[in-house]
Amino acid sequence: MSHKKLFYVILLLLIGFQAYTQKQEFSYLDVFKLEYVSDPQIAPNSSRIVYRRMGFDIMKDKADGNLWMINSDGSGHQKLSSREESEHSPRWSPNGDRITFISTTSEGSEIYMYWLDSGKLAKISQLPFSPSSLTWSPKGDQLAFSMNVKKDPPVIAKTPKKPEGAKWAEKPRITDRLYHEADGRGYIKPGFNHIFVIPAQGGAVRQITSDDYHHRGKLSWSVEGDKIFFSANRTENWEYDFRNSEIYEVEVATGRIKVLTERKGPDYNPEVSPNGKHIAYLGYEDKVQTYQVRKLQIMNNDGTNKRVLSAALDRSIKSMIWDEKSTGLYISYDDKGNTKIGHISLDGEISKLADNLGGTSIGRPYAGGSFSVSKDGAIAYTQSRPDYPAELAVTNLKSKSTTKITSLNKALFEYRKLGKVEEVWYKSSVDQRQLQGWVVYPPDYDSNKKYPFLVENHGGPVLNYGDRFSTEMQLYAAAGYIVFYPNARGSTSYGEEFGNLLYNNYPGDDYNDVMDGVDHCIKNGIAHEDQLYVTGGSAGGIMTAWIIGKNNRFKAAVVAKPVMNWISKTLVADNYFGYANSRYPGQPWENFKGYWKFSPLSLVGNIETPTMVMVGMEDLRTPPSEAKQLYHALKLRKIETVLVEIPGAGHGIANRPSNLITKIAHTLAWFEKYRQESGNE
């Protein structure tokens, strides 16, 4: 081969290698490659961490997870066992010699035990239903858990027995319960959750609570191991007093139950202090309003001397763990779109210990995540930033340093370009308060070029977006859009007053908050008036429908899983009983004009924006009938529209990766149609 030919061969190889190694934009199939950390549990001596490693199965089209273990310094990273079944809820024994967890089998979920010294694994239960709230006794000799106990449905009429082999229609579902179906779960079969105990080495399971009430959520043993503290509503009117719950204790030996709190509002997540003197719990005095901050409470172990520890913190406490000396508790809370870990003393003094807890909500940048604490104060938690979903991080309180010890997505992100995420603040035109949002720029963004501007409204509405990883935002950015996602009034992480501004005013001034953000971005050259697009799901779908009913500034809109008519939605959705007096005064038939006033359907006659309407066909939270009201109204008015119904999807469309991709792909295809028609390519 001549030198000239050899030169060209080498040149072609180099070009090919460069093309292969060059970073590409984040793509749809990359969703299936993502992994993230969930439920990290650090050993009592802080030496090791067990966690659930989550990923997406491209063949089964779902997220699932196995348990992995890693040393606190990041070494020794390995799978806990060779099993490939779903595993979750790992919990260390009090002395750190065993790990118990829940896992699926061919017969349902069961309790497993793993011994660290031998590496042996055993199934220790044979249960009729799936267990939850798995909790060790202080001596490590028992486990407590909650499990459903089946009840027969009410019998209205007796029907003839069908002949053997006959193909009759299925029997009717009959219920007399207030809460009888749930989105993502479907019909709720009759039954109640009760507390059970099982020996830690396996053996007979014993039910220790009774009566027709639910006993579920966090369980906490007394130091002596003779009592278990839990949250429930064991009152006659429990169904209708659904926001209320109290802290109870149950004697393990006798099943005798005693109530420790008595006030209007939720009291839950009891946690006994290591010295046994106090019980911490979360809750608030119910004022019946749109948003109320969850406070950290404390009382003596007999229920006396109740007081609020976190009164000075105008943020909802999400979770808490006692420190080893019983001098205070580690807590997590959202603050301005970022989740923090802190410590609060028994005097109410709060110190922040770590930022960026989260990353377990893969689709959109919602809050989430969890943490655990060792006896010497080392904190293991799920850490996320806009450029990666939850990784495992460890905070050492002695050195006051935080180290990220996993990089589950390194192999993917080394060859992917992500959009830069930038925090923005702007002023409300309504009351001059400061508002927060984020802008995601396309990879290789050029400030001299003009890009389409996509507004993405969050759901809830009493939730928050933040500086966390989001596949949806990154895929929109990869398609060449600048994405803006704001936290309008009503969002959490800004205090109770801010979150409660939506009472009897939703949608209302939150609309102005979103549009003020758009105008801010236009003023600063980020957005352009002739290239605006808008979307959102759930409460974000409500806001999107409201926006296009209020103005015609957007070239196209995608309204996902909206509420269009508060009167019809309120009495059809799975949570139909939860709106009156907390969102709007009275029931729909008592306040017809009020409910209609805030229904986006009341503005549908103003809409000129080409609109895609999207909904999951099994959505029980914002039923398909709501989306169809918008679609049918627009069709009757001959406004450009299309209805996208996603089979098998409930309210959480993104729960299945393929549905998440479907949602984003159809949104972008709709927007691209109107970009091309206007010549903005």
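Let me start with serine 372, which lies in strand E28, residues 371–373. Keep in mind that this is a predicted model. Is serine 372 buried or exposed? Its relative accessibility is 5%, and the cut-off for buried is under 20%, so serine 372 counts as buried.

What does the side chain of serine 372 reach? It reaches the backbone oxygen of proline 40, at 3.0 Å. Proline 40 also appears among the contacts of serine 372 once neighbours within four places in sequence are left aside. The list is Pro40, Gln41, Ile42, Ile321, Ala378, Ile379 and Ala380.

Next, the backbone. As background, most residues other than glycine have a negative phi, and most peptide bonds are trans. I have two asparagines and two prolines to show against that.

Asparagine 269 is in strand E20, residues 267–272. Its phi is near 55°, a positive value in a residue that is not glycine. The other asparagine, number 356, sits in strand E27, residues 350–357, and its phi is near 70°, again positive.

How do the two stand on burial? Asparagine 269 has 23% relative accessibility and therefore counts as partly exposed. Asparagine 356 has 18% and counts as buried. The cut-off for buried is under 20%, which is why 18% counts as buried and 23% as partly exposed.

Now the prolines. Which kind of peptide bond runs from glycine 460 to proline 461? That bond is cis, with omega near 0°. Proline 461 is in the loop between strand E35, 453–457, and helix H3, 471–478. The bond from tyrosine 506 to proline 507 is also cis, with omega near -5°. For proline 507, the place is the loop between helix H4, 496–499, and helix H5, 509–523.

Last, helix H6, which covers residues 539–550 and has twelve residues. From its first C-alpha to its last it reaches 16 Å, close to the 16 Å expected at 1.5 Å a residue.

How many of the twelve residues of H6 are buried? Eleven are, so the helix is largely enclosed by the rest of the structure. In order, the buried ones begin with Ala539, Gly540, Gly541, Ile542, Met543 and Thr544. The list goes on with Ala545, Trp546, Ile547, Ile548 and Gly549. In general, an α-helix has 3.6 residues a turn, so residues three or four places apart point the same way.

To recap: serine 372 is buried, the bonds leading into proline 461 and proline 507 are cis, and helix H6 is largely enclosed. That is what I have for today.

Definitions and conventions
Residues numbered from 1 in each chain as written. Predicted model: local features only at pLDDT ≥ 70, side-chain atom pairs only at ≥ 80, totals over all residues. Heavy atoms only, no water. Helix = DSSP H or I, 4+ residues; strand = E, 2+ residues; numbered from the N terminus. Buried < 20%, exposed > 50% of the residue type's maximum accessible area, 1.4 Å probe, protein only. Polar contact = N/O pair within 3.5 Å; in protein donor to acceptor, adjacent residues only side chain to side chain. Contact = heavy atoms within 4.5 Å. Expected span 1.5 Å × (residues − 1).
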